[in-house]
Amino acid sequence: MAKNKTENGHIKSRSRTMSILAQYFSNKMAVFCAGIIVVLVFMAIFVPIFSEYSYTDVDYTALYATPSAEHWLGCDSAGRDMLMLLCYSLRNALIVGLGACAVQLIIGLLLGGLAGYCGGRVDGVLSRIIDIMYGFPTFLFNLILVLLLGRSLFTIFLAIGLTSWAPMARLVRSQVITVKQSDYVEAGRALGASNTRILFHYILPNSLGPIVICLSQGIPAAMFAESGMSLIGLGILPPMPSWGGLITTGQQFILSYPHMILFPALSFAITILAFSYVGDGLRDAFDPRQIS
C-alpha cells in the first residue's frame with residue numbers, strides 16, 4: 001500500500017511537472033525569448049573565444065568605422081570592434097545578473113526560511129529587518145557599496161544582491177508559512193524528521209515555483225541596475241565594456257555615427273525584454289489556475 005502511495009505521488013509530481021512544461025511551451029513568445037537567451041549566452045561565451053578581435057584591440061585605421069565585411073557592427077571611437085564590445089558587455093551583464101540573483105537567493109532563503117518556519121519572536125525580528133531593507137533607496141545604496149568596495153564585477157553584483165534580497169526573503173517567508181501547514185509536513189514531523197530536513201526537503205522544494213519566477217525577474221533587474229551605474233560612471237571599470245558605458249559614449253556621436261549607440265541600445269533592449277518575457281511565461285506556467 002505504501003508502495004502504491006509512493007508511486008502515485010511520483011506520478012502526480014511528474015504529471016504536474018509535465019503540465020507546467022506544457023503550459024510554458026504553449027506560450028510561443030516565452031519559448032521564442034528563451035531561444036533568444038540561449039543564442040545570446042552562446043554568443044557571450046563562444047564568439048570572443050573564436051574571434052580574431054578582442055575588446056582591448058585598437059585599430060587606428062578603423063576609428064568610427066561603419067558596419068562592413070571586416071567589422072560587422074562597425075567600430076567605436078577607439079577603433080575597437082563593436083561586436084566584441086557587445087559580446088563582452090553581454091557576458092558582464094549575465095555575470096552581474098546571475099551573481100546578484102545568487103546573493104539574493106542565499107540571503108532570501110536563509111532569512112525568509114527562518115522567519116517563516118520559526119515564527120514567534122524570530123519571525124518578528126527578521127520581518128522588521130526585511131521591512132527596513134524595503135525602506136532603503138536601492139540604487140543609492142548600490143552606489144555607496146560600490147564606492148566603498150571598489151569597482152569590479154564581483155563588487156557590483158555583490159552590491160546589487162545585498163540591496164535587493166528583501167523581496168526574495170518576503171516571498172520565501174510567505175511560502176514557508178503556507179506550506180509548513182500541509183499534511184505531508186506534519187507527517188514528516190511525526191516520523192521524526194529534523195527541522196532542517198523538513199525545511200529543505202519538504203517545504204522549500206514545494207515553494208520552488210514562486211522562487212524560480214522571482215529569480216527570472218531579478219536577472220533583468222540586476223542587469224538594468226548595472227547599466228544604470230555604468231551610465232553615471234560608477235559601473236564596470238574601462239576598458240572592460242558595459243552596455244551603460246557604450247550607450248553613454250554613443251550618445252556623443254548619435255548623429256554622426258549612429259551605429260555606436262544603435263547596436264548597444266538594441267542588444268540591451270532585446271536581452272532585457274527576452275528575460276522579462278521568459279519570467280512572464282514562467283509565472284503563467286506555475287500559476288495553479290493554469291495547470292489542468
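## Salt bridges and a surface patch: worked exercises

At 15% relative accessibility, Arg 80 counts as buried. Keep in mind that this is a predicted model.

**Exercise 1.** Find out which residue forms a salt bridge with Arg 80, and whether that partner is buried or exposed.

*Solution.*
- Start at Arg 80: its salt-bridge partner is Asp 76, and the closest N and O atoms sit 3.1 Å apart.
- A salt bridge needs that nitrogen and oxygen within 4 Å, so the pair qualifies.
- Now check the partner: Asp 76 has a relative accessible area of 5%.
- Buried means under 20%, so Asp 76 is buried.

**Exercise 2.** Work out which residues are linked with Asp 131 in a network of salt bridges.

*Solution.*
- Look first inside helix H4 (residues 120–135), where Arg 128 and Asp 131 are three residues apart, so about one helical turn separates them.
- Their side chains meet in a salt bridge at 3.0 Å, N to O.
- Asp 131 also has a salt bridge with Arg 170, at 2.6 Å.
- That second pair ties together distant parts of the chain, since Arg 170 belongs to helix H7 (residues 166–179), 39 residues away from Asp 131.
- Put together, the network links Arg 128, Asp 131 and Arg 170.
- As for exposure, Arg 128 is partly exposed at 49%, Asp 131 is partly exposed at 32%, and Arg 170 is partly exposed at 39%.

**Exercise 3.** Say which residues form a nonpolar patch on the surface, and where Phe 46 lies.

*Solution.*
- The patch is made of Val 38, Phe 42, Ile 45, Phe 46, Ile 49 and Phe 50, with about 630 Å² of accessible area together.
- Phe 46 lies in helix H2 (residues 28–50).
- With a relative accessible area of 35%, Phe 46 is partly exposed.

How values were computed: Residues numbered from 1 in each chain as written. Predicted model: local features only at pLDDT ≥ 70, side-chain atom pairs only at ≥ 80, totals over all residues. Heavy atoms only, no water. Patch = residues over 30% accessible without salt bridge, like charges linked within 9 Å, V, L, I, M, F, W, Y side chains within 5 Å. Areas by Shrake-Rupley, 256 points an atom, 1.4 Å probe, with all protein chains shown as cover. Helix = DSSP H or I, 4+ residues; strand = E, 2+ residues; numbered from the N terminus. Buried < 20%, exposed > 50% of the residue type's maximum accessible area, 1.4 Å probe, protein only.
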